[in-house]
Amino acid sequence: MASRIAMYGKLEQASVVEDGNLITSQGPGTSFLFALAIVRRVVGEPRAAEVERGLVLPR
């Protein structure tokens with residue numbers, strides 16, 4: 001899990017972390033999730049859902 005110290009020292013653990021204009025992920029194993037976060041940010045949730053349907057992701 002990607003980790004970051006959020007405001008006020010709160011630790012957040014997730015595969016992909018978004019904070020304002022920054023998006024980061026754990027590493028190569030989360031590249032699809034990272035790419036989907038970028039798609040979601042750039043073109044919106046409907047298109048990200050469409051892209052995700054074409055991927056094999058553990059959920």
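This is a short tour of a predicted model, moving from the whole chain to a few residues in one helix.

Begin with the whole chain selected and shown as a cartoon, where you will find four strands together with two helices. Following the chain from its N terminus, you meet the elements in the order β-β-β-β-α-α.

Next, keep the whole chain selected and switch on its surface, which exposes about 4,500 Å², with 59% of that area supplied by carbon and sulfur atoms. Of the 59 residues in the chain, 19% are buried. If you display contacts between residues with a separation of 6 or more, 8% of these contacts in the chain are accounted for by residues 24 or more positions apart.

Now select residues 31-43, which form helix α1, and pick out Ala-35 within this helix. Is Ala-35 buried or partly exposed? Ala-35 counts as partly exposed because its relative accessibility is 35%, a value that falls between the 20% limit for buried and the 50% limit for exposed. With Ala-35 still selected, add Glu-52, which lies 17 residues away in sequence, and draw the distance from C-alpha to C-alpha, which comes to 9.9 Å.

Stay in helix α1 and select Val-42, which also belongs to this helix. Val-42 has a relative accessible area of 63% and is therefore exposed, since the class of exposed residues begins over 50%.

Finally, add Ile-38 and Val-43 to Val-42 and show their surface: these three residues make a nonpolar surface patch of about 260 Å².

Key
Residues are numbered from 1 along each chain as its sequence is written. This is a predicted model: local features need pLDDT of at least 70, side-chain atom pairs count only at pLDDT 80 or more; totals for chains, interfaces and linings use all residues. Side-chain values use heavy atoms; hydrogens and water are left out. Buried means under 20% relative accessible area, exposed over 50%, partly exposed in between (1.4 Å probe, protein chains only). Contact means heavy atoms within 4.5 Å. Accessible areas come from the Shrake-Rupley method with a 1.4 Å probe; for residues, only the protein chains shown count as cover. Patches are made of residues with over 30% relative accessible area and no salt bridge: like charges are joined within 9 Å, nonpolar side chains (Val, Leu, Ile, Met, Phe, Trp, Tyr) within 5 Å. A salt bridge is a side-chain nitrogen of Lys or Arg within 4 Å of a carboxyl oxygen of Asp or Glu.
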